[in-house]
Amino acid sequence: MRNLRQQIEQFTPWNPQEQRDRDVIAACLGTYPDIFFRTNLTMHMTASAWTVNRQRDKVLMVYHNLYDSWSWMGGHADGEEDLLAVALREVKEESGIESLKPVMEEIFSLEVLTVDGHEKRGEYVPSHLHLNVTYLLEADDTEDLRVKPDENSGVAWFGRNEAVAASSEPWFRQRIYGKLNEKLNVADKKR
């Protein structure tokens, strides 16, 4: 956990949202010993991926059943402190993609995400926070895609702007997905 906490503390924020969220996540990592487990009903660590093709002109999205929206992929740490490994595993599980690799090992983005209370597998899950670390991943856009019926009902590649527009969640469109594309534009210029 110290390594992840150091990565988060050394992360250079892109905007005020990332700066504030970085500070919250770092403080929580130092305060809550159960932060990597869902048994912490208030907040827990998650990892997400902004998954692009080799040409960086497409983003892989899933139609998330719980949120009824096209979204990025990711999931709970569930005790795993290597959040890059969590992001890679979740993309493979949710999309069927096997040819997946990090564009960079470093954290791409940080977010504190609100999750409304909901039913999962017949049990009520109270509203809580996801302390989320996002990684930039690359996948082969010619590889066959597969849905994960218990989580999503669609998997598809979208143009970068179309990926943002496909989400029916305004906050994600404006604050997260648009930001990830802006950061990707800068990364592309350095390529």
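# Working through pockets, helices and single residues

Helix H5 gives 4 residues to the lining of the second largest pocket, the largest share. This is a predicted model, in which local features need pLDDT of at least 70, side-chain atom pairs count only at pLDDT 80 or more, and totals for chains, interfaces and linings use all residues. Residues are numbered from 1 along each chain as its sequence is written, and side-chain values use heavy atoms, with hydrogens and water left out.

## Exercise 1: the second largest pocket

Find the space in the second largest pocket and describe its lining.

*Step 1.* Start with the word itself. On a 1 Å grid over the protein atoms alone, a pocket is an open set of points where a 1.4 Å probe fits, with protein on both sides within 12 Å along at least five of seven lines; lining residues have an atom within 4 Å of a point. Grid points are joined across faces, edges and corners, and the volume is the space filled by probe spheres set on the points.

*Step 2.* The second largest pocket holds about 330 Å³.

*Step 3.* Its lining has 14 residues, and Phe11, Met104, Glu106, Ile107 and Phe108 are nearest the centre.

*Step 4.* Two helices, H1 (2-10) and H5, each supply at least two lining residues. Helices (H or I, at least four residues) and strands (E, at least two) are DSSP runs, numbered from the N terminus.

*Step 5.* Sorted by class, the lining has 7 nonpolar, 3 polar and 4 charged residues. Here Ala, Val, Leu, Ile, Met, Phe, Trp, Tyr, Cys and Pro count as nonpolar, Asp, Glu, Lys and Arg as charged, and the others, Gly among them, as polar.

## Exercise 2: the largest pocket

Now do the same for the largest pocket.

*Step 1.* About 1200 Å³ of space lies in this pocket.

*Step 2.* Of its 44 lining residues, His64, Leu66, Tyr67, His76 and His130 are the closest to the centre.

*Step 3.* Elements that give two or more residues to this lining include strand S1 (43-52), helix H3 (83-95), strand S6 (109-115) and helix H5 (170-190).

*Step 4.* The lining is made of 15 nonpolar, 15 polar and 14 charged residues.

## Exercise 3: helix H2

Check whether the span of helix H2 agrees with its number of residues, then locate its buried side.

*Step 1.* The expected span of a helix is 1.5 Å times one less than its number of residues. For the 16 residues of H2 (residues 16-31) that gives 22 Å, and the end C-alpha atoms are 23 Å apart, which agrees.

*Step 2.* Gln17, Glu18, Asp21, Arg22, Ile25, Ala26, Cys28 and Leu29 are the buried residues of H2. These residues cover an arc of only 165° around the axis (taken from the directions from the helix axis to the C-beta atoms), which puts them on the same side of H2. An α-helix has 3.6 residues a turn, so residues three or four places apart point the same way.

*Step 3.* Pro16, Arg20 and Thr31 are exposed on the other side of H2. The cut-offs are under 20% relative accessible area for buried, over 50% for exposed, and in between for partly exposed (1.4 Å probe, protein chains only).

*Step 4.* Look at the N-terminal end: Asn15 caps H2, with a side-chain oxygen 3.2 Å from the backbone nitrogen of Gln17.

## Exercise 4: Glu111 in strand S6

Is Glu111 buried or exposed, and which side chains make polar contacts with its side chain?

*Step 1.* Glu111 belongs to strand S6.

*Step 2.* Glu111 counts as buried, since its relative accessibility is 0%.

*Step 3.* A polar contact is a pair of N or O atoms within 3.5 Å; within protein, one must be able to donate a hydrogen and the other to accept it, and residues adjacent in sequence count only if both atoms are side-chain atoms. The Glu111 side chain makes one such contact with the side chain of Ser109 at 2.3 Å, and another joins it to the side chain of Lys179 at 3.2 Å.

## Exercise 5: positive phi

Which phi values do Asp68 and Asp78 have, and where do these residues sit?

*Step 1.* Recall that most residues other than glycine have a negative phi.

*Step 2.* Asp68 has a positive phi, near 50°, and is in the loop between strand S2 (58-64) and strand S3 (69-71).

*Step 3.* Asp78 also has a positive phi, about 50°. Asp78 lies in the loop between S4 and H3, and is partly exposed at 41% relative accessibility.
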